Amino acid sequence: MAKPTVVLLPVWGAGHFMPMIELGKRMLRCSDGALSLTVLLMPAPTAQAVSDIAEHVRREESADIRFHHLPSVPLPADHTGVEEFISRIVESHVPHVMSAVSALSCPVAALVVDIFCTPAFDVSSALAVPAYVYFASGAAMLALLLRSPSLHEETEAEFFDDSAVLDVPGLPPVPPSFLPATMLDRKKSTYTWFVYTGRRYTEASGFIVNTAAELEPGVLAAIAPTVYPIGPAISFPAAAENNPQPHECIRWLDAQPRASVLLLCFGSKGILSTRQVHEIAHGLARSGHRFLWVLRGLPLDATQGAREARDADLDERLPDGFLEKTKGIGLVWPKRAPQKEILAHASVGGFVTHCGWNSVLESLWFGVPMLPWPLDADQHLNAFTLVYDMGVAVPLEMGGRQEPYVEAAELERSVRSLMGGGEEGRKAREKAMGMKALCRKAVEQNGSSYVSLKRLSEDVLRGAIQFE
Ligand SMILES: *[C@@H]1O[C@H](CO)[C@@H](O)[C@H](O)[C@H]1NC(C)=O
């Protein structure tokens with residue numbers, strides 16, 4: 001008889017697609033070959049995502065991992081944020097997901113959907129298939145989403161206007177400046193979709209979270225639903241795919257002293273204005289610390305949800321004379337960079353990050369302390385967790401939420417604090433090294449995440465349903 005299959009519904013974004021495939025592969029391994037995977041692919045809205053996904057499919061497709069392309073649907077043209085953009089696309093896909101799942105000839109063990117794909121719960125409830133959310137962010141963000149329907153009902157005021165701090169289970173009180181942007185304007189439809197997601201979470205059989213019990217113990221203890229902390233699930237390229245010729249960034253790092261280099265990287269969608277880029281340049285130069293700065297170009301298409309950074313023209317983006325002035329202590333890299341390899345390098349001693357959850361996990365995995373520079377989505381809450389819950393980061397003052405902007409002097413101050421000999425930096429380094437040990441222990445055989453993954457595989461196998 002055909003093996004029961006776990007149906008995955010990932011979204012196309014770089015920070016979501018691969019982590020979900022990685023989760024699926026870990027579930028397969030943990031089930032000792034009892035499960036298979038069926039991945040439903042929604043057509044990606046950007047050329048970059050289309051080609052990235054095609055490459056992953058070529059690499060991962062096998063007898064036990066099958067990919068099913070869903071037809072295209074019209075993209076929402078008038079959305080007010082990425083939460084709404086994704087949810088509405090998924091909503092249009094519901095009939096296609098329904099026919100794909102009900103046509104499967106093998107037993108269906110579970111439907112696992114991405115964070116904002118809860119409209120697909122219509123399918124799991126109609127077919128009585130257990131539904132899970134793969135939460136590719138931290139437990140803190142999950143706690144906030146679970147809490148959002150009641151927060152919405154408790155007050156009619158804007159969370160932004162409220163000078164009071166927010167109570168999120170298991171976290172220290174959260175000031176409004178650390179809430180996701182989508183919560184800061186209740187009139188926008190993306191906010192409505194955010195609360196919608198929180199409401200639909202009550203239908204989930206469980207939440208699979210890319211965190212480890214030891215990383216967020218307070219939050220995990222404080223939330224009620226069934227949670228499987230299975231992380232950090234980080235995908236590393238197979239050894240055979242490693243280019244024998246080291247990347248130029250790695251060769252440059254090889255020549256730098258141990259733990260001396262500050263990495264700056266803002267993610268695949270992290271685009272900074274020219275004014276902000278100049279301010280960073282001045283701050284870095286004044287700090288005197290070594291740096292590797294991954295600087296991307298402004299996108300051609302500014303449509304939200306379809307934005308992608310391009311390779312940068314450094315002469316155009318940087319202040320005159322900056323490259324000459326910092327020659328020898330800094331490298332500015334204008335393209336995509338191998339972030340995991342860079343973080344793994346002994347010369348890296350700190351990370352200015354946009355706080356995308358995958359970047360956070362990679363930094364913890366390699367024990368690199370952070371300087372959080374959140375831009376969007378869950379990143380502000382992640383920054384809050386890093387500084388005020390985990391203590392692995394030094395805070396950076398970003399000015400107001402409406403027009404966040406980091407002054408050169410503030411960057412200089414915080415870089416010195418993180419990279420210099422002071423108390424604040426020393427504490428963050430120590431905590432980050434502690435987290436590195438916890439992360440590695442969690443995923444070892446019999447570690448907390450390993451045990452959780454085992455339990456998940458057993459639970460989904462028990463729930464398998466045959467349609468044909
Ligand atoms: C994990 O637990 C099993 C069952 O208790 C035991 O047989 C095995 O040796 C353990 N493995 C490690 C690496 O501790």
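This is a short tour of the structure in your viewer, with a suggestion at each stop for what to select. Keep in mind that the model is predicted.

**Stop 1: the sheet**

Switch to a cartoon view and find the open sheet of seven strands. Its strands pair in parallel, in the order 3-2-1-4-5-6-7. Now colour residues 65–69, which form strand 3, and residues 227–229, which form strand 7. Why does each of these two have one side without a neighbour in the sheet? They stand at the edges with a single partner strand each, so nothing in the sheet flanks the other side. Rotate the view and look at how neighbouring strands sit against each other: on average they are turned by 25°, direction ignored.

Next, add strand 2, residues 36–41. Strand 2 and strand 3 run parallel as a pair, joined over five bridges. For one position to look at, select L41, which stands opposite H69 in strand 3.

**Stop 2: two cavities**

Keep L41 selected, since L41 also helps to line the second largest cavity. Add P10, V11, W12, F17, L40, M42 and I53 to complete that lining. This cavity has a volume of about 30 Å³. What classes of residue surround it? Its lining has eight nonpolar residues, with no polar and no charged ones.

A search of the whole structure finds two cavities of 30 Å³ or more, and the largest holds about 40 Å³ of space. To see its lining, select F266, G270, L272, W293, V294, L295, R296 and R317. Here the classes are five nonpolar, one polar and two charged.

**Stop 3: a pocket**

Now move to the second largest pocket, with a volume of about 330 Å³. Its lining has 16 residues, and those closest to the centre are S177, F178, L396, E397 and M398. Which helix gives the largest share of this lining? Show residues 379–390: this is helix 14, which supplies four residues. Sorted by class, the pocket lining has ten nonpolar, four polar and two charged residues.

**Stop 4: the cysteines**

Finally, select the cysteines. How many disulfides does the structure hold? The count is zero. Zoom in on C265: the nearest cysteine sulfur belongs to C249 and is 9.5 Å away. C265 counts as buried, at 10% relative accessibility. Then select C355, whose nearest cysteine sulfur is that of C265, 12 Å away. C355 is buried as well, with a relative accessible area of 0%.

How values were computed: Residues are numbered from 1 along each chain as its sequence is written. This is a predicted model: local features need pLDDT of at least 70, side-chain atom pairs count only at pLDDT 80 or more; totals for chains, interfaces and linings use all residues. Side-chain values use heavy atoms; hydrogens and water are left out. On a 1 Å grid over the protein atoms alone, a cavity is a set of points where a 1.4 Å probe fits but cannot get out, and a pocket is an open set with protein on both sides within 12 Å along at least five of seven lines; lining residues have an atom within 4 Å of a point. Grid points are joined across faces, edges and corners, and a volume is the space filled by probe spheres set on the points. Ala, Val, Leu, Ile, Met, Phe, Trp, Tyr, Cys and Pro count as nonpolar, Asp, Glu, Lys and Arg as charged, and the others, Gly among them, as polar. A disulfide is a pair of cysteine sulfur atoms within 2.5 Å. Buried means under 20% relative accessible area, exposed over 50%, partly exposed in between (1.4 Å probe, protein chains only). Two strands pair if DSSP finds at least two bridges between them. Axes are lines fitted to C-alpha atoms, for helices over the stretch in contact, and angles run from 0 to 180 degrees between N-to-C directions.
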